[in-house]
Amino acid sequence: MQQMEKQLKRNIPLTYLFEFGKNMGFTQAIWVTYLAFKGLSLVEIGLCESVFHLTSMLMELPTGMIADIYGRKFSRLLGIVANTIYLCLLFFVNGVPLALLAFVFAALSYNLESGADTALIYDSMLATGESDSFTKIQGRREVVLQSASLIGILVGGMLADIDYRLAILAALGLGCIVFVIGLRFTEAPFPKEKLNMQTAFSAQFKKPWRMVKAQRQLVFHMVLVAIVLSSITTAHYYATAYLKGNGFSLSLIALFLILQAGGAILGGASANYLKMRYGEDRLFRVVPVLIVVALLLLTTPIFGLSLFLMGFSDSVLYVVLTNKINRTIRSDERATILSLNSMFFSIVMIVMFPAFGILADKTGLASAFFLLAGAAGILALLNVVKIS
């Protein structure tokens, strides 16, 4: 029993290593310019992004079911395999069909990790009697993720300056190391129904819809966070185009984006303190308002503060929401419900991202950011009224 408890506790530091390596990636900041280098137009590159989100939306629940039926360790390792296929296809891409197929596997890699990662950690802590510390661990994970992403952007950019293929090969090598780390995970105990494959998936598919009916406030918070975090993601991508159009070099823009990563790291590190000090409901009221302020500041001379606030708010909301989901739902449906949460984000992104682009083409980016802030402001106000 003590040996099993020791192995389950080891899942936490292993997750830090696993997620640090997985999120460095080296290709996250260069794939757009790489595909352009390979001859794809901006419209075709945008289509790749759309395929990613469409696949994510369609596969979130099925991959969550895989984690709940076959185990979270299995799902996370399968995610590394899918990412390896994505990188191999990216290396050999020679046109739109192969690029689109690559992003199908990129989305699958994300889906297989989404839900399974948090479920493995929470159930491990539940089994060792440490679930009260989950928010603190989740905050540390967010620091690890954002730090790895920052390093991956910098190192990947330097490798791509030498040769794009070098960055992809480095990512493949890193993926092999991460897979070996993942093999050391210990599956946390959680109840599984002994059913045949068809019956198991059918039973698992019904669970999130039962939760939607029974946990209305939780679903409201999931949809709220999906919308406001989609606003941040949309603003992040289009802010680069806005700043470049205003005369900033790409190198200088990259330095400004470090402010957003810094805000995300601080948000992850302080999320547990903020939850303990102010409570979940107050954070769900206040943080969306901070996001509205950030969107309004994006076109002002203090846009650096906007980027910082976006990163900070993103991390705090993510940590607080995942803690609430894990505390509320049962272990045998944990990964599926967490995947449902990610699916909400994908659905909103599929609508918001192109809609914002169309709006920006007609009114200009500055006006589009203002309108996005207005829409987010209405949602934040409705949220305050509902929670109050």
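1. In this note a residue is called buried when its relative accessible area is under 20%, exposed when over 50% and partly exposed in between, with a 1.4 Å probe and protein chains only. The model is predicted, so that local features need pLDDT of at least 70 and side-chain atom pairs count only at pLDDT 80 or more, whereas totals for chains, interfaces and linings use all residues. Residues are numbered from 1 along each chain as its sequence is written, and side-chain values use heavy atoms, with hydrogens and water left out.

2. Helix α6 covers residues 116-127 (helices are DSSP runs of H or I, at least four residues, numbered from the N terminus), and its end C-alpha atoms are 16 Å apart, in agreement with the 16 Å expected for 12 residues at 1.5 Å a residue; that expectation is 1.5 Å times one less than the number of residues. Because 10 of its 12 residues are buried, α6 is largely enclosed by the rest of the structure. After α6 comes Gly 129, with a positive phi near 75°.

3. Two acidic residues of α6 take part in salt bridges (a side-chain nitrogen of Lys or Arg within 4 Å of a carboxyl oxygen of Asp or Glu), as follows. Asp 123 meets Arg 72 at 2.4 Å, N to O; since Asp 123 lies in helix α6 and Arg 72 in helix α4, the pair ties together parts that are 51 residues apart in sequence, and both residues are buried. Asp 117 pairs with Arg 141, their closest N and O atoms being 3.2 Å apart, and this links helix α6 to helix α7.

4. Arg 141 also meets Glu 19 in a salt bridge of 2.6 Å, N to O, which connects α7 (residues 134-162) with α1 (residues 2-24) across 122 residues. Glu 19 is buried, at 2% relative accessible area, and Arg 141 is likewise buried, at 2%. Salt bridges with shared partners join Glu 19, Arg 76, Glu 113, Asp 117 and Arg 141 into one network.

5. The largest nonpolar core (buried Ala, Val, Leu, Ile, Met, Phe, Trp, Tyr and Cys residues joined through side-chain atoms within 4.5 Å) has 60 residues, of which Leu 295, Met 310, Leu 317 and Ile 325 touch the most other members. Helix α10 gives the most to this core, with 14 residues. Apart from it lies another core, of 38 residues, including Ile 30 and Ala 188.

6. Phe 74 lies in helix α4 and, at 42% relative accessibility, counts as partly exposed.

Methods: Helix = DSSP H or I, 4+ residues; strand = E, 2+ residues; numbered from the N terminus.
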